[in-house]
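These are my notebook entries on two sheets and the helices that lie across them. I set down each item as I looked it up.

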Amino acid sequence: MLRILYLTCCLLILFTTHTFASPSIKDFSADSEFSGVKISPDGKHLGVILMEDEKRTLLILNLESMKPTYAVKFSGDEEVGSYYWVNDERIVLQKLYKHAQREASDYYGELLAVNYDGSKSKYLFGYNGGTSTGTSISNNEAIRASAFVLDTLKDDDKYIYVMAYPWNRQNYAYTLAYRVNVYSGKRKRLTTSPIANAGFLVDNNEEVRFSFATDEKNNDQLFYYENGEWVDADKIRGGLTDFYPLSFTEDNKSIYALANGEGATRAIYEVELATAKHKKIIQHDVVDPLMTWVSDQTNALYAVEFENGYPEYRFVDTQSDKAKALRQLMDAIPDHRIRIVSETVDGNTLIVAAMNDRNSGDYYLFDRKKLKLKFLFAENAKLDPSEMSEVRPISFTNRDGVTIHGYLTLPVGMKEHKNMPLVVNPHGGPHGPRDLWVFNSENQLLANNGIAVLQVNFRGSGGYGTAFEESGYLSWGSKIQYDIIDATQYVIDQGYADKDRVCISGGSFGGYSALMSPMLAPDMFKCAVGVAGVYDLEQMYKTGDVPESYSGGAYLEEVLGTDIQRLRAMSPTHNVSRLKAKVLLIHGEEDERAPIEQYEAMEKALEQANYPFQKEIWRKEGHGFFNAENREKYYDIMLKFIKENLNVK
């Protein structure tokens, strides 16, 4: 009861109108105050993730009074992960573990259930059967597998479908699908995937119909359940490639799928299962679909979201209730990306998230019948969007005649954006991810200090079609870096940036680029900040979690190749003699993606060349900064280093 009273006080403070002060580094580095807002199917309660003592707590609110009815907060090193309303009263949630030796939480596949008032708590699925949860949750039969909610079965209040990955000594397993009672935890196996590490797709009759994965050679695999057995679905693909099933049509006779067919970008197709006939529903000339919108009530596809610079929505069924609601929300909250994140079972009450380049996210309640929009809360109320900086889309033609897109963050409050100090911020990946028109706390911090920030969707980035992504293969240290360099030169030539005040800073692959680009263009960058970077490409085959994963070896061979001389030519550890920039290296000892050996190899190369550099090592951090206190310290160190080298007061 004391914790409920404490959380009520927290809510009253957070709901109070804020008087914004000039934001501090701590404000930019803070965790979201609210996240994961979801409404119960009957619309009477809200769930929301609240950070308390640096741990994720699930708070359940009565929607009418906005007072807490229960708070799910674990003891010790445990915290709440993702959660799901499975009926009007019951919630299924993941349990995560925080570790003393590192800041990132781990998920071991445990699912728990509880009612909105805290009653009938139950350990549903996991390796210890609930024998040591540190809570009053009762036990269930243990299973050594990691569970994920596959389908909440909207027409069934008693059961959910769970997708489970069995534990073994290998890095692959055949996925299991179970029907699980959300009150008793009793489970029944429905099927086993015909392929390793697979996902499933459930139809509108609650039958598991598709299984899909990539094999150890990174080849797509797709199987269809027919007449009591799994059969290869090559026929259904009908010549389409990179085929990914999204959802069934209302009559179960067809599916919507994301795939490559005609044109340079991926498109949404409707595929008739009986005949394998496919019809292209929608496609953008420049970018792949970013998100699809499917009605929870009918499973009909009604809109597709793209992002070619700014978010845009193309409507498949313009007359559907959901399409009309989305249009109404776009009109009511202009210049924002709109997301319907949760809704009641009748579809009349929606939880809406709105965000843009200056706003990390606001949550609203939308009554479709009354056309009433009510503000609930902001993810980070300490950052006033009016004090944040614009993120402006840019595009240019690179040295090879290819159009490259990106974003430029322009510091707020300047009379004109000319001859500014600039930080280039390459994204991670490099293959798959891309930069988007979103709020970025690190870039906003730099802009808040008068520094412009450039982001580049270089060749190899995702989101611009398969050919564009594959054009970056075998070219980590060449084409990709030249795109970053050409983008920097473009911004200088346009008058935005002072050519004598340019730094580069990035994390993961961005950390690699932060060292590699200044080696290819030594006179362009005054300083380089590498965060959790890979610096020796040969070593990627030997250390870290990529070569240990199911298809990691094949991935590395595809994107890097095995030519030793090429790998060394593209590795910062073998090119220190080209450097002129001041260097700051930041790394976490618990990093599994870019292990500490990567930092040590770069450190050794710099020391052998007697090249001065600054370093900061975090003992408990992994691939990035998961702890707000550590993130604040990182921001402070990074900002001081960059300001000193760009002569920014």
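Which residue in S33 is the bridge partner of Ser-505? I found that Val-529 is the partner of Ser-505. I note at the outset that the model is a predicted one.

Entry 1, the strands around this bridge. I looked up strand S32, residues 497-507, and strand S33, residues 527-531, and recorded that they pair in the parallel sense over five bridges. I then traced the sheet to which they belong: it is open, has eight strands and follows the order S28-S29-S31-S30-S32-S33-S34-S35. Its pairing is mixed. At its edges I found strand S28 (390-397) and strand S35 (614-618), each of which pairs on one side only. Ignoring direction, I noted an average turn of 20° between neighbouring strands of this sheet.

Entry 2, a helix on this sheet. I recorded that helix H8, residues 509-520, lies across S32, S33 and strand S34 (582-588). Helix H8 runs at about 145° to S32.

Entry 3, the second sheet. I looked up an open sheet of three strands, in the order S21-S22-S23, and its pairing is antiparallel. Strand S21 (291-294) and strand S23 (310-315) each have a single partner strand, so one side of each lacks a neighbour in the sheet. The twist from one strand to the next averages 20°.

Entry 4, pairing and helix in the second sheet. I noted that strand S22, residues 301-308, and S23 run antiparallel and are joined by six bridges. Glu-307 has Pro-311 in S23 as its bridge partner. Finally, I recorded that helix H4, residues 321-332, lies across S21, S22 and S23 and runs at about 150° to S23.

Key. Residues are numbered from 1 along each chain as its sequence is written. This is a predicted model: local features need pLDDT of at least 70, side-chain atom pairs count only at pLDDT 80 or more; totals for chains, interfaces and linings use all residues. Side-chain values use heavy atoms; hydrogens and water are left out. Two strands pair if DSSP finds at least two bridges between them. Helices (H or I, at least four residues) and strands (E, at least two) are DSSP runs, numbered from the N terminus. Axes are lines fitted to C-alpha atoms, for helices over the stretch in contact, and angles run from 0 to 180 degrees between N-to-C directions. Contact means heavy atoms within 4.5 Å.
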